[in-house]
Amino acid sequence: MTATDIARHAPSLPLAGRAKDLVGSMIDSSTSLLAAQTHDIVRFAMGSPADEAVPSEEFREIAGTILDASSFTYGATEGEPRLLELLVKYLAGTPDPSSEDRLVITTGGMQGLDLACKLFIDPGDLVVVESPTYTNGSATALSYGAQLLEVPVDDEGMRVDMMQDLVAHHHRPPKAIYTIPTFQNPSGVTMSLERRKALLELAHRWGSVIIDDDPYGLLRFSGQDIPTFQTLSPQDPLLFSVRTFSKILAPGWRVGWVDADPSIRQLLINGKQAMDTCTNVPNQHIVAEYIARGGLDDHLASIRVLYRERKDAMLDSIARHLGDRVTTTNPEGGFFLWLTLAGEFGEIDTRELFEVALADGVAFIPGPALSPGGRFRNALRLCFASSTPERIDEGIKRLAGSLEKMVA
Ligand SMILES: Cc1ncc(COP(=O)(O)O)c(C=O)c1O
């Protein structure tokens, strides 16, 4: 049921006008939908790390020793001091070094997106989003009353070259540009250097904030790093970076961070205080202790190998079971690839395919769920990260069977 339908069915309740813009997430809803199934399902739907990619033994051990009096009380809104200190040290060795005056620990990347929109989006503001995009992010902008403008994505990321013309139709510059520049969710593509530079230039011209959402950047398994926005434009006040430990450690901890201009740090803290006071304290301690033990780089190195193998396995299975009846992206990192139906499958609506495939034991996210305007009916997102190569092959075989059933 859409939010508008719900609002219509609850006429006696004094819902806020914005309630109709709470559109929900098929991505998140698939967690409970799949949990409710009793038959075997190959899970390509959620963007979750593989069980084997979570350092669970070490977490168990840390969790058994970490609790002290400070675990049971409120923590600082900006984040636990030890985690902030360790994060600054860790980031010093990455493409995006930072300092404590720029960082606020968040309850996952989602809260970073919420804070960005809370600070920058007024009702009616134009917000550019990629098409397709991570619709939890676009939904966050919608929940603050944004008017969304979808800009297509190709193999070099967002079509920044088209943005100016598309924006011109709206007779006002965008307040924010929401991008997932590296190993984009859902397409897996990475924005080229030229487009990154062009995007920065347009943002400067318009005074638009760049909401740079990058949960996957540390998961490159092939190709060359492309300079980040921070590298290209250090200390740029228009850059608002959203980061998370969800994909590199474990999403269940709900620990992430934002990196933003120091002039808005207090506003971020005020905004977060109106949401959750502080991020779960024991979880921050566990993440901090994990970083302090020095294993994060080795962990990243090993999961990059795992994910590369799985991406290759998925492309190989797709070639064998689906051949030229589909096209795909070929990501150099991250969790996802984007599959477009072609030839005899080209007319299939992936929302209908979803029902058939679920019954056949394979789950994915249909394309229309990854575009605010419901585009991409003949495309879908596959997460290669969470299944073994054997399960991937089984899942793609099942998907091919479902597709064949639909055209029979
Ligand atoms: C692009 C993108 N941004 C943000 C998030 C949310 O991250 P978290 O689970 O840490 O809230 C995700 C998770 O799938 C994502 O893919």
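Which loop holds P186? This one sits between β6 and α8 (193-206), and we'll come back to it after a tour of the sheets and the ligand site. Keep in mind that this is a predicted model.

## The eight-stranded sheet

Start with the open sheet of eight strands, where the pairing is mixed and the order reads β2-β9-β8-β7-β6-β3-β4-β5. The edges belong to β2 (103-106) and β5 (157-158); each has a single partner strand, so one side of each is left without a neighbour in the sheet. At the β5 end, the link to β4 (residues 147-154) is antiparallel and consists of two bridges. V153 is part of this pairing, with M158 in β5 as its bridge partner.

Now for the helices that pack on this sheet. Helix α5 (residues 108-120) touches β2, β6 (176-179), β7 (209-213), β8 (239-244) and β9 (256-259). Set its direction against that of β8 and you get an angle of about 160 degrees. Helix α6 (residues 135-143) packs on the sheet too, in touch with β3 (126-131), β4 and β6. Here β4 is the strand to compare with, and the angle between the α6 and β4 directions is again about 160 degrees.

## Around the ligand

The ligand has 13 residues around it, and D213, Y216, T244, S246 and K247 are the closest. Sort the shell by character and you find five nonpolar, five polar and three charged residues. Which element gives the largest share of that shell? It's α5, with three residues, and this is the helix that packs on the eight-stranded sheet.

Several polar atoms of the protein sit close to ligand oxygens. S246, already listed among the closest residues, places a polar side-chain atom 2.6 Å from an oxygen atom of the ligand. For G109 it's the backbone that matters: one of its polar atoms there is 2.7 Å from a ligand oxygen. R254 brings in its side chain, with an N or O atom 2.8 Å from an oxygen atom of the ligand. As for cover, the ligand on its own has 390 Å² of accessible area, and the protein covers 94% of that.

## The four-stranded sheet

There's a second open sheet, made of four strands in the order β10-β11-β14-β13, with antiparallel pairing. Its edge strands are β10 (326-328) and β13 (365-366); each has a single partner strand, so one side of each is left without a neighbour in the sheet. In the middle of that order, β11 (residues 336-341) and β14 (residues 379-383) are joined by five bridges. One residue to look at is L337, whose bridge partner in β14 is L382.

Helix α12 (residues 296-321) packs on this sheet and touches β10, β11 and β14. The helix direction makes about 15 degrees with that of β11.

## Odd backbone spots

Most peptide bonds are trans, and most residues other than glycine have a negative phi. A few places here go the other way, so let's finish with those.

Back to the loop between β6 and α8, where P186 lies. The bond from N185 to P186 is cis, and omega is near 20 degrees. F183 is found in the loop between β6 and α8 as well, and its phi is positive, near 50 degrees, although the residue isn't a glycine. Another cis peptide bond joins S131 and P132, with omega about 10 degrees. P132 lies in the loop between β3 and α6.

Key
Residues numbered from 1 in each chain as written. Predicted model: local features only at pLDDT ≥ 70, side-chain atom pairs only at ≥ 80, totals over all residues. Heavy atoms only, no water. Pairing = 2+ DSSP bridges. Contact = heavy atoms within 4.5 Å. Axes fitted to C-alpha atoms, helices over the stretch in contact; angles between N-to-C directions. Near = heavy atom within 4 Å. Polar contact = N/O pair within 3.5 Å; in protein donor to acceptor, adjacent residues only side chain to side chain. Areas by Shrake-Rupley, 256 points an atom, 1.4 Å probe, with all protein chains shown as cover. Nonpolar A, V, L, I, M, F, W, Y, C, P; charged D, E, K, R; others polar.
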